[in-house]
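Here is a short set of questions and answers on one chain. Have the coordinates open as you read.

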Amino acid sequence: MSKSSPKEKKYRWVKIFSSEEEMKNSLPYLKTSSISAFGKKVCLVHGTDGFYAVRDKCPHNGFPLSGGYCNKDNTIVCPIHRYHFDLKTGKALSGMATKVETFVIKVFSDGVFLGEEEFNWWPF
Ligand code: FES
């Protein structure tokens, strides 16, 4: 029987880099990159205080956010209509979109992993 709290978030993980050093070398400061994970395109961003991952699909019209740019305030700007999104929360800070999906990046002893929150659709 599981003793985890029902409010505890659970993630499924996929390895994206073999080490933190490889991640830093592959993704320069304030640059973006696109990878495939969990059947989606994911935009990786090297922000001012760490690395972030958001869905590489603008919630406004679906264009890849990885073609945009990262500001020093840890926002990503869509290349098409220039809407801004907070990289920590995914919240839209301008424009008519609401939120872009966010992912978690964690460094473990065997590499850097991308985490997608699992949803429990059945409350029983
Ligand atoms: S498609 Fe991204 S802001 Fe319009």
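Q: How many bridges join E5 to strand E6?
A: This is a predicted model, where local features need pLDDT of at least 70, side-chain atom pairs count only at pLDDT 80 or more, and totals for chains, interfaces and linings use all residues. Residues are numbered from 1 along each chain as its sequence is written. Strands (E, at least two residues) and helices (H or I, at least four) are DSSP runs, numbered from the N terminus. E5 and E6 (residues 75-77) run antiparallel, and the number of bridges joining them is 2.

Q: Which residue in E6 does Cys 70 stand opposite?
A: Two strands pair if DSSP finds at least two bridges between them. E5 and E6 are joined by 2 bridges. Opposite Cys 70 in E6 stands Ile 76.

Q: Which strands are the edge strands of the open sheet?
A: The sheet holds 3 strands in the order E5-E6-E7, with antiparallel pairing. An edge strand here pairs on one side only. That description fits strand E5 (69-70) and strand E7 (84-86).

Q: Why does the chain count as compact as a globular protein of that length?
A: The chain has 1 helix and 9 strands. From the N terminus on, its elements run β-α-β-β-β-β-β-β-β-β. The globule rule (2.2 Å times the number of residues to the power 0.38, against a radius of gyration taken over C-alpha atoms) gives 14 Å for 124 residues. The chain is as compact as a globular protein of that length because its radius of gyration is close to that value, at 15 Å.

Q: What share of contacts between residues at least 6 apart in sequence join residues at least 24 apart?
A: Two residues are in contact if their C-beta atoms, placed from the backbone, lie within 7 Å. The C-alpha atoms of the chain fill a box of roughly 50 × 35 × 25 Å along the principal axes. Among the contacts between residues at least 6 apart, the share that joins residues at least 24 apart is 42%.

Q: Is Arg 82 buried or exposed?
A: Arg 82 lies in the loop between E6 and E7. Its phi is positive, near 65°, though the residue is not glycine. A residue is buried with 20 or more other C-beta atoms within 10 Å of its own, exposed with 12 or fewer, and partly exposed in between; C-beta atoms are placed from the backbone. Arg 82 has 11 such atoms, so it is exposed.

Q: Which residues does Pro 79 touch, not counting those up to four places away in sequence?
A: Pro 79 also sits in the loop between E6 and E7. With 15 C-beta neighbours inside 10 Å, Pro 79 counts as partly exposed. Beyond four places in sequence, Pro 79 touches Phe 63, Gly 67 and Gly 68.

Q: What separates the C-alpha atoms of His 84 and Gly 95?
A: His 84 belongs to strand E7. His 84 touches Thr 75, Val 77, Leu 93 and Ser 94, leaving out residues up to four places away. Gly 95 is 11 residues from His 84 along the chain, and their C-alpha separation is 7.6 Å.

Q: Which residue takes a positive phi in the hairpin of E2 and E3?
A: E2 and E3 run antiparallel, joined by 6 bridges. Ala 37 stands opposite Lys 40 in E3. The hairpin has 2 residues between its strands, and the one with a positive phi near 55° is Phe 38.
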